[in-house]
Amino acid sequence: MKITPLDIQQAGFKVKIRGYDQKEVDAFLDSVTEDYEALIRENNTLREKMTEYETQLTELKKKEATLNNTLMKAQDLVEEMSRNAQKDAELVLKGAELKAEEMLHSAREEMASIKRDILDLQKQKVVFLEKIRSLIRIFQRVTELEDREDEKTSKKDRTDEERDDNVRLLKPKT
């Protein structure tokens, strides 16, 4: 059975000879009633606070779950961004490698073209030098023939037409 402050206040005791002083008992009961009422108020206050704290705890647990969820999503996002950055870096690297290969291939083709041009120029030089040598030999022959002719003309008068004919005969055909 639960005792209330009212039960304590209304408690009555039989009076017997040589019993307790009724004023002292009443004073004690009043004191116990006040203390008991204070304990009940304190208990009610503590229950209200406990309910409040339980509500706060529930809200904090919800917030903690939300924060954990947000943290997990942020970690997933960071990992995804890292993977994407890695893929982008690989793509850039592959693109740079392809461009470098293209540039190297182009440079090699240009170098081969330049080498072909150099060989062609060297061939042209040889042909040019051979033509010059041939012309020099022809001029030497012409000069020798003219010298011989001069010797002969000094002995014999030779006409200008005959010399021109000899030069025409010795001239290379182009």
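This is a short walk through one protein chain, from its overall layout to a few of its residues.

Good morning, everyone. Before anything else, please keep in mind that what we are looking at is a predicted model, and that the mean pLDDT of the protein chain is 86, with 86% of the residues reaching 70 or more. That confidence is not spread evenly, since helix H2, which runs over residues 22-155, has the highest mean, at 92, while helix H3, covering residues 160-170, has the lowest, at 61. Where pLDDT is low, the predicted coordinates should not be read in detail, and I will keep to the other two helices for the rest of this talk.

Let me turn to the overall layout. The protein chain contains 3 helices and 0 strands, so that reading along the sequence gives the pattern α-α-α. Of the 174 residues in the chain, buried ones make up 5%, and the chain exposes about 16,600 Å², of which carbon and sulfur atoms supply 56%.

With so much said about the surface, which residue can show us the buried side of the picture? Threonine 33, which lies in helix H2, is one that we can look at, because its relative accessible area is 2% and buried means under 20%. A polar atom of the side chain of threonine 33 lies 2.6 Å from the backbone oxygen of leucine 29. If we set aside the neighbours of threonine 33 within four places in sequence, the residues in contact with threonine 33 are Pro5, Ile8 and Gln9.

Helix H1 spans residues 5-9, and leucine 6 is part of it. Unlike a buried residue, leucine 6 is partly exposed, at a relative accessible area of 47%. Its C-alpha atom is separated by 9.3 Å from the C-alpha atom of glutamate 37, although these two residues are 31 residues apart along the chain.

Moving further along helix H2, we come to glutamate 109, which is partly exposed, with a relative accessible area of 46%. Here the side chain of glutamate 109 makes a polar contact with the side chain of histidine 105, at 2.6 Å.

Now to the charged residues: how many salt bridges does a search of the whole structure find? The search finds 2, and I would like to take them in turn. In one of them, arginine 133 pairs with glutamate 130, and the closest N and O atoms are 3.7 Å apart. Both of these residues lie in helix H2, and they are 3 residues apart, which is about one turn of the helix. In the other, the side chain of arginine 137 meets that of glutamate 130, at 3.5 Å from N to O. Through the shared partner, the salt bridges join Glu130, Arg133 and Arg137 into one network.

Is this network buried, exposed or something in between, if we take its members one by one? Glutamate 130 counts as partly exposed because its relative accessibility is 38%, which falls between the 20% and 50% limits. The arginines also count as partly exposed, with arginine 133 at 44% and arginine 137 at 41%.

Finally, I would like to point out a nonpolar patch on the surface, of about 330 Å², which is made by Phe128, Leu129, Ile132 and Ile136. Leucine 129 has its place in helix H2, and, at 32% relative accessibility, leucine 129 counts as partly exposed.

To draw this together, we have seen a predicted chain with 3 helices and 0 strands, in which threonine 33 is buried, while Glu130, Arg133 and Arg137 form one network of salt bridges. Thank you for listening.

Methods. Residues numbered from 1 in each chain as written. Predicted model: local features only at pLDDT ≥ 70, side-chain atom pairs only at ≥ 80, totals over all residues. Heavy atoms only, no water. pLDDT = per-residue confidence, 0-100. Helix = DSSP H or I, 4+ residues; strand = E, 2+ residues; numbered from the N terminus. Buried < 20%, exposed > 50% of the residue type's maximum accessible area, 1.4 Å probe, protein only. Polar contact = N/O pair within 3.5 Å; in protein donor to acceptor, adjacent residues only side chain to side chain. Contact = heavy atoms within 4.5 Å. Patch = residues over 30% accessible without salt bridge, like charges linked within 9 Å, V, L, I, M, F, W, Y side chains within 5 Å. Areas by Shrake-Rupley, 256 points an atom, 1.4 Å probe, with all protein chains shown as cover. Salt bridge = Lys/Arg side-chain N within 4 Å of Asp/Glu carboxyl O.
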